[in-house]
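Please read this briefing alongside the sequence and the structure. Confidence comes before the description.

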Amino acid sequence: MKDAHEAEPTGEAEEPWLPIETKLVVGSVIAGVVTLIVLAFVVHIFILGK
Amino acid sequence: MLEQRRWYSGMLSTEDWWAVWIGLFFVLLGLLAAASGVESTGWIVKFSKWVDITKSFRASHKALLSPAASLILTYVVFTGATCTGAKFMKWNVKKYFIAWTIIFWLTVVFYIVGQNAYIAATSLDLKKHPDKYPIAWSLSLGGAYYIIALFAGLFIGNLTPKRFRTFVKEAAKPEWFIKVAIVCLGTKLGLKAIEATGFAMHLLFAGCCATIAAYLLFWPLAYTICRKVFKLTKEWAACLASAISICGVSAAIATGGAIRARPVVPIMISSLVVVFAVSELIILPGVLTHYWSHEPIVAGASLGLTVKTDGADAASGAILDELIRAKVAGEGIHWDEGWILASAIMTKIWIDMFIGIWAFVLAVVWVWYIERRPGEVVPKSEIWFRFPKFVLGYFIAWFLVMGLGLAHILPFADLEFGMKPIEGSLRKFFFMLTFTSIGIVTDFRELAKEGLGRLAAAYGTILLVIIIPIGLFLAWLFHHGMMPPTVP
């Protein structure tokens, strides 16, 4: 069983933001934007543009 | 997460698989009717708009049974099917049976009330069928029965005596009911695709593209806001980001498993997901109908990207379908029923399918980078275990019906004869059961619990600032200009 304080969404001490988190977040957003542009292009050419 | 499991684990013990079995059982009954002409589905009760209450329901194939016999037979067969599932899933069958019976009959009442012509008939209905609807006015709220079921469910789940509402929750299974309905919805798309194969495939592809882009953008942005603005720990931030970005409860649980979060984390987040999804269900269809009725497929697809439970997404899609079609009918445009709903389901289906891959990616990222456990191997089988199995049922039903029709193995009229009661009457009744159940299991008191305030603030902020705006943009980008086929 968990204690009540363990169910709190934040810990006693704030967890520092790690450099790896920056890399993962930025990497995912860049991948998302690139994917967005490529797939939007594909959909416009083959579906919406028809 | 890494315990030994066989590929077939859970086939007889999980809601997900039992949605497939029950859904496909009814699909097979429909195919039997289509292939042999046997009345294996015509007995399913169908509810209609009414002025005279004796005409509020009847058998799907009218001449087959009396309305009362059809309703009772539907209760018996649906009870048998769901109780069988309950038994295999090792639920308390006796409690389930009684609670199910209460929910079933309450849902029947809500359905009948909501179909009253003064509430549900459109102006077109009154003009085209003056004999059937001899009334001077109506509210034209086509999908009002869903909202009535929802609010009645919310009343039961929040304001009835605790003993009663706790008991009824034994059979309030919105995710299960909606998954059965979605498997059956596959047959509807199959029938529609026979007539409009190109459009169905375009919808499928556009939905997939929108979902991939949404995954890669929603999650990191939501995670960053959780961590930087609301100062949540990595464990809470990852689970909440998945829940709000991907597919709600199942994403929170899958992510919790992937990053080895404490069990309390996905459970608390899941309660938030349900409450917010119900709020979206109430608000978004009306707003989208008001502002985006000229882009019906965009509006539908945006729901799939922004409403985070299968039940609430399909439910809001069904309301949107009714509201938009009723609105444009007044302008003389008659769109075929179900395509707006299909667009809402399509994006959600893709989101559900990718959860397995996303959970796998998160597990690898957490093991290799965040928690640094070099050498630990995440088996690829995790993708299969996280995969939502009801999606298989949906595609099997879709491609089976479409394939039999396009290959001319069964004539379209025969397929329609067998499948209409499944994709229409049965599916809509399971939608109604979902609405009643969502209301019953949604406990607004959860929001007041200690520790949930900050999570709720984070969830609401991300929903308003990230998910809804980007979801609307992505839905527009990948679907704009797509229009449902029209009917005479």
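**Confidence and conventions**

Chain B has an average pLDDT (the predictor's confidence in each residue, from 0 to 100) of 88, and 95% of its residues score at least 70. This is a predicted model, in which local features need pLDDT of at least 70 and side-chain atom pairs count only at pLDDT 80 or more, while totals for chains, interfaces and linings use all residues. Residues are numbered from 1 along each chain as its sequence is written, with chains lettered from A and ligands numbered from 1 in the order in which they are written.

- Within chain B, mean confidence is lowest, at 71, in helix α5 (residues 123–128), and highest, at 98, in α2(B).
- For the complex, the predictor gives an ipTM of 0.84 and a pTM of 0.75.

**Contact between the chains**

- The contact (C-beta atoms, placed from the backbone, within 7 Å) takes 25 residues from chain A and 34 residues from chain B.

**Helix α3 of chain B**

- Helices here are DSSP runs of H or I with at least four residues, and strands are runs of E with at least two, numbered from the N terminus.
- Helix α3 (residues 93–114) of chain B has 22 residues and its end C-alpha atoms are 30 Å apart, which agrees with the 32 Å expected at 1.5 Å a residue, taken times one less than the number of residues.
- Its buried residues (20 or more other C-beta atoms within 10 Å of their own; exposed means 12 or fewer) include Tyr96(B), Trp100(B), Phe104(B) and Tyr111(B).
- The face of α3(B) turned away from its buried side carries the exposed residues Lys94(B) and Trp105(B).
- Among the elements covering the buried residues of α3(B) are α2 (67–88), α6 (144–159) and α18 (412–441) of chain B.

Methods:
Two residues are in contact if their C-beta atoms, placed from the backbone, lie within 7 Å.
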